[in-house]
Amino acid sequence: MNIHIFSSEHYYTFKYLKFLEGNLDLSSSIFVFKRPVGIEFEYSDKLKSRIVYPRNNIQFFYSMLPDLRKSSRILFHQLPHGPALILWNLFPKLLSKVTWIIWGG
């Protein structure tokens, strides 16, 4: 399983997910947006079921920790900063799975 973590949802991430959906099998991927932008994007039902919007970093870790542990890769589409870095450092085994996608924010 791959977990993609974005800081926020916007037009470019919408287009990126639509591209991935059209070219890859996303049945083993989860897409996490730390905060919605306030615009309703029209994802397919299949893709919509793969998107998660946690309210904060703590909720993210509690709700996603089992999936993070099972995942083969964790992909940051924006380098986390602030309190999120402290939480990630509490789980060094997870950091070995992390890839930072540098063309993100």
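## Salt bridges, helix H1 and strand S1

Biologist: Happy to look at this one with you! Which residue forms a salt bridge with glutamate 21?

Modeller: Gladly, and please keep in mind that this is a predicted model. The closest N and O atoms of the pair are 3.9 Å apart, and a salt bridge requires them to be within 4 Å. Both residues lie in helix H1, three residues apart, which is about one turn of the helix. The partner of glutamate 21 is lysine 18.

Biologist: Are glutamate 21 and lysine 18 buried or exposed, or in between?

Modeller: Buried means under 20% relative accessible area and exposed means over 50%. Glutamate 21 has 24% relative accessibility, while lysine 18 has a relative accessible area of 33%. Glutamate 21 therefore falls between the two cut-offs, and lysine 18 likewise counts as partly exposed.

Biologist: Which residue meets aspartate 67 in a salt bridge?

Modeller: Look along helix H3 (residues 57-70), where the two partners are three residues apart and so separated by about one helical turn. Their side chains meet at 3.8 Å, N to O. The partner has 59% relative accessibility and so counts as exposed. It is lysine 70.

Biologist: How many salt bridges does the count come to?

Modeller: We have met glutamate 21 with lysine 18 and aspartate 67 with lysine 70. By the 4 Å rule, the count comes to two.

Biologist: Back to helix H1 (residues 11-23): how far apart are its end C-alpha atoms?

Modeller: The helix has 13 residues, and at 1.5 Å a residue these should span 18 Å. The distance between the end C-alpha atoms in the model agrees with that expectation. It comes to 19 Å.

Biologist: Thr13, Phe14, Leu17 and Leu20 are buried in H1. What arc do they cover around the axis?

Modeller: An α-helix has 3.6 residues a turn, so residues three or four places apart point the same way. Thr13, Phe14, Leu17 and Leu20 are the buried residues in question, and their arc puts them on the same side of H1. On the other side of H1, Tyr12, Phe19, Gly22 and Asn23 are exposed. The arc of the buried group is only 125°.

Biologist: What is the relative accessible area of isoleucine 3?

Modeller: Isoleucine 3 lies in strand S1. Leaving aside its neighbours within four places in sequence, isoleucine 3 is in contact with Ile30, Val32, Met64, Asp67, Leu68, Ser71, Arg73, Ile74 and Leu75. Its C-alpha atom is separated by 5.7 Å from that of serine 29, 26 residues apart along the chain. Isoleucine 3 is buried, with a value of 0%.

Biologist: Is asparagine 2 buried or exposed?

Modeller: Asparagine 2 is found in strand S1 (residues 2-8). Beyond its neighbours within four places in sequence, asparagine 2 has contacts including Ser28, Ser29, Ile30 and Arg73. Its relative accessible area is 15%, and under 20% means buried. Asparagine 2 is thus buried.

Biologist: One last stop, at the surface: what area does the nonpolar patch made by Leu79, Trp100, Ile102 and Trp103 have?

Modeller: Leucine 79 sits in the loop between strand S4 (73-76) and helix H4 (83-89). At 42% relative accessibility, leucine 79 is partly exposed, so it passes the requirement of over 30% for patch residues. Together with Trp100, Ile102 and Trp103, it makes a patch of about 510 Å².

Notes. Residues are numbered from 1 along each chain as its sequence is written. This is a predicted model: local features need pLDDT of at least 70, side-chain atom pairs count only at pLDDT 80 or more; totals for chains, interfaces and linings use all residues. Side-chain values use heavy atoms; hydrogens and water are left out. Patches are made of residues with over 30% relative accessible area and no salt bridge: like charges are joined within 9 Å, nonpolar side chains (Val, Leu, Ile, Met, Phe, Trp, Tyr) within 5 Å. Accessible areas come from the Shrake-Rupley method with a 1.4 Å probe; for residues, only the protein chains shown count as cover. Helices (H or I, at least four residues) and strands (E, at least two) are DSSP runs, numbered from the N terminus. Buried means under 20% relative accessible area, exposed over 50%, partly exposed in between (1.4 Å probe, protein chains only). Contact means heavy atoms within 4.5 Å. The expected span of a helix is 1.5 Å times one less than its number of residues. The arc is that of the directions from the helix axis to the C-beta atoms.
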